[in-house]
Amino acid sequence: MKILIAISSKEFSVPTLSAGMKIAQSFKAKATIVDVGEKINDFSLKEVSMAQERMDSWDIDRPGVDVLEWAFEYLAQNKMINTSSIDAGFPKNTLIEKGSSRAEVFLEGSASDDVNLILRNGNIIEELRDEVQSEGYDVTIIGASQKRGMAYDLIQYIDSSIFVANNYNPNQSYRILLAVDDSPATKKTVKYGVRVAQAFGIGVDILTISTKEEFGEDYKNAASWAAKLLRRSGIEHKNRFEVGDPSDLIASNAGEDHIIVMGASSSNPLKTLFKSSKPLKVLENCKCPILIVK
Amino acid sequence: MPIFSNQSVANFLFWLSRKKWLVTAFFISISFFYLPTPEGLSSQGHRTLIIVLTALILIISESIPLPAVAILILIMQVILGVDTADGVASSFMSDAVFFIMGSLMLAVSIVHQGLDKRLALAIVNITGNKTWKIAFGFVAISAIMSSFIGEHTVAAMMLPVALSLIRNAGLDTGKATKLSTLLLFSIAYGCAIGSIGTPSGGGRNVIMIGYLSEFGLGRISYLEWMKYAYPLMLIEIPIAVAILWFTFTPNQKIMDSAVRKLKVSVAKSGKLNNNQIMAIIVFILVFLGWIFLSPIIGLGIVALTGVFFYLSFRLIEWQDITRRTNWGVIILFGAAISLGIQMKQTGAALWVAENVLYSLQFIFQDIEIIRWLFSVVLSGILTNLLSNAATVAVLGPIILDMGGNPIILGMATSISSAFAYLTIVASPTCMIIHSTGLVTSNDYFKAGWKLFLASIFLLFLTSTFYWPLLS
């Protein structure tokens, strides 16, 4: 399993990195930490690269290296990489250019599989999409953004499950809010929910929502299947059934002390473009971390 | 079963979201193609203007790579019947394109020698340790050097000097401060100001000289250009320093220990080596060639002769040149110049010029002022959105068809296209300092608008009172 963790700065990315590495550990996954820097336009690409080569010769770090160095220190402090890597220090000299806008450092992981540190330059959605497509990540972990349209772009265009570390506080205690329904994605969603609950060592609230008063058999079966899996995994859980608008109810039930785990929309993307979708509405309205499983 | 899977629809929507300007350009060009040709404009001129519009949309939106825009311009010229394939090919390559190619290769060769440490020592030896003097030194040396060897080269060499001083002052090179903003803008604005000084300061100057000569409107030699532009460049230096200093006044008024540390670190690099001495000699020969030989063999051939010497003396390897030269920009400028020539030949430039003059006569009565304002203000604005060489390549033929003194209007257009102070994308020097992560787009506007207005005012005074004395 492969997990991509997108960070941006030491000031804002502690929650994202903390949550991301916890999830990577729970899945025993190969983690890649990426910092996406500003896009350099075509007119200046070579000139900027020439200036950065001169900076290297003066031993001045190019932008983004400080962010990776901070990530390295975080991994070292939390013993997430092997002692030999920690002792050797941040290996910025082994930052290998791969293509015009991608450079990477490889580290041996201790708690998870290997850990990669990557620098990319460009539009964040384009770069993450390209990284996910070329390396085949299963989950992309990213901090919340105030940018308009960012939530839509993430859900629609990144071809992996998405974990948004919205207001995530590593010191707060959370529960999982596992949204189940009759969709085909529910089974995978429940499996991911179990792994995340194990990673964080927390209980799960299974939430089944119907827009009608009567709950169909498929809804009930999905809820009981989720409960069975959680019981077998030894995770404390509660079952809740509610009637109303699923997006509103998931966001309001989650409050600020849950991590939402829900499936991605199976609607046609063209329809989603004009009519939105359940996960998109929840992501836009919730005040807590959310994992959208694809 | 739906015809298209959700994944393929999502892929299409993603492509559409990234290429919306390409699609827009396509529909605009198709719509304009089927509109009747305006009165007074030839059919070929009409089609040329469609290509100009399409190219402008694609360059500003960056929805496809620059070399693709260049290739599209060439294809459209032939397919729309503006010119034959041979005609397009011959207008694509000119001495101006040779010059742009040669100067980019020279830039790579000079930066490769690692002369920046010598430069650092020279700056701090001249300026001492007062911060305002260091900022003055950065602007002045960037301007004077970039007037001869091109702004990108100087910016690439000056950047580590500034960052090293910032680091030596005990500041984090990953965090913006007023000192870092002041020094980085001193480089970017110094380079922009300097690029007007001589023809070799920027490709756009050579494009304008090429147009003036090609259209039979006049010839300007290297030294004549300097007579017109160098005084203006020198006056702009202290003005830029004052604007930058009062906009980004740093807390550190003296940088004693930073300068000392810089001197120590530079001293470790030893004396000039043979390659560096040879590189300087070759460049001096190129400079002399531009002054004395360019009227006979052209500025581009002189620049390429310099590249020949750098390669022959093994001062740089061909692989290094190919890896670091921006070939996309060379192809684009070739295509833009070819389009400019077509604008002149098809009458499109004249049609636009006449319509602009006619429309603006309702606002300003004096046609001289209209010509001047159109050439300077539009070039200044476009250069901040597009690229200065592309601006001159496209606007040049229109402005030269407006009447009046072509030398004065041509020079004013070329010089105002160096006023790239307002945006990150305005020039590679602006992008170079932005790539450090220490300056934001707001910073460009904070100081940029003041320098932009001051530069336009100075250009007005120079072109009105000084240049007529030279004509």
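Of the 29 residues that line the largest cavity, Leu104(B), Glu151(B), His152(B), Gly203(B) and Phe333(B) are nearest its centre. The model in which this cavity appears is a predicted one.

**Cavities in chain B**

The largest cavity encloses about 330 Å³ of space. Helices α6 (95-112), α9 (151-168), α11 (203-214), α18 and α21 of chain B each supply at least two residues of its lining. The largest share, 5 residues, comes from α6(B). By class, the lining of this cavity has 13 nonpolar, 13 polar and 3 charged residues.

The second largest cavity has a volume of about 60 Å³. Its lining consists of Val52(B), Ala55(B), Leu56(B), Ile59(B), Ile73(B), Leu332(B), Ala336(B), Leu339(B), Leu386(B), Ala390(B) and Val394(B). These residues divide into 11 nonpolar, no polar and no charged. At least two residues each come from α3, α18 and α21 of chain B, and α3(B) gives the most, with 4 residues. In total, the count comes to 4 cavities of 30 Å³ or more.

**The second largest pocket**

The second largest pocket has a volume of about 680 Å³. It is lined by 33 residues, and those closest to its centre are Asp181(A), Pro246(A), Ser265(A), Lys278(A) and Pro279(A). Several elements of chain A each supply at least two lining residues: the strands β8 (175-180), β9 (204-210) and β11 (258-263), together with the helices α7 (186-200), α9 (246-254), α10 (269-275) and α11 (278-285).

The table sets out the residue classes of the three linings.

| Space | Nonpolar | Polar | Charged |
|---|---|---|---|
| Largest cavity | 13 residues | 13 residues | 3 residues |
| Second largest cavity | 11 residues | no residues | no residues |
| Second largest pocket | 11 residues | 14 residues | 8 residues |

**Chain A as a whole**

The secondary structure of chain A comprises 11 helices and 12 strands. Its C-alpha atoms fill a box of roughly 70 × 45 × 30 Å along the principal axes. The radius of gyration of chain A is 20 Å, which agrees with the value near 19 Å for a compact globule of 294 residues. Of these 294 residues, 53% count as buried. Among contacts between residues at least 6 apart in sequence, 72% join residues at least 24 apart.

Thr186(A) belongs to helix α7 of chain A. Its relative accessible area is 6%, so Thr186(A) is buried. Beyond residues up to four places away in sequence, Thr186(A) touches Val180(A), Asp181(A) and Ala222(A). Asp181(A) is also among the residues closest to the centre of the second largest pocket.

**Helix α19 and Leu422 in chain B**

Helix α19 of chain B, residues 348-360, has 13 residues. From its first C-alpha to its last it reaches 18 Å, close to the 18 Å expected at 1.5 Å a residue. The buried residues of α19(B) are Ala348(B), Ala349(B), Trp351(B), Val352(B), Ala353(B), Val356(B) and Leu357(B). They pack against α3 (43-61), α18 (327-345), α20 (367-385) and α21 (388-400) of chain B. Among these partners, α3, α18 and α21 also each supply at least two residues to the lining of the second largest cavity.

Leu422(B) lies in the loop between α22 (406-416) and α23 (428-434) of chain B. Its relative accessibility is 17%, and Leu422(B) therefore counts as buried. Apart from neighbours within four places in sequence, Leu422(B) is in contact with Asn384(B), Tyr444(B), Phe445(B), Gly448(B), Trp449(B) and Phe452(B). Leu422(B) and Asn384(B) are 38 residues apart in sequence, with a C-alpha to C-alpha distance of 6.2 Å.

How values were computed. Residues numbered from 1 in each chain as written. Chains lettered and ligands numbered in written order. Predicted model: local features only at pLDDT ≥ 70, side-chain atom pairs only at ≥ 80, totals over all residues. Heavy atoms only, no water. 1 Å grid on protein atoms, 1.4 Å probe; cavity = no way out; pocket = protein on both sides within 12 Å on 5 of 7 lines; lining within 4 Å. Points joined across faces, edges and corners; volume = space filled by probe spheres on them. Nonpolar A, V, L, I, M, F, W, Y, C, P; charged D, E, K, R; others polar. Expected span 1.5 Å × (residues − 1). Buried < 20%, exposed > 50% of the residue type's maximum accessible area, 1.4 Å probe, protein only. Contact = heavy atoms within 4.5 Å. Rg over C-alpha atoms; globule rule 2.2 N^0.38 Å.
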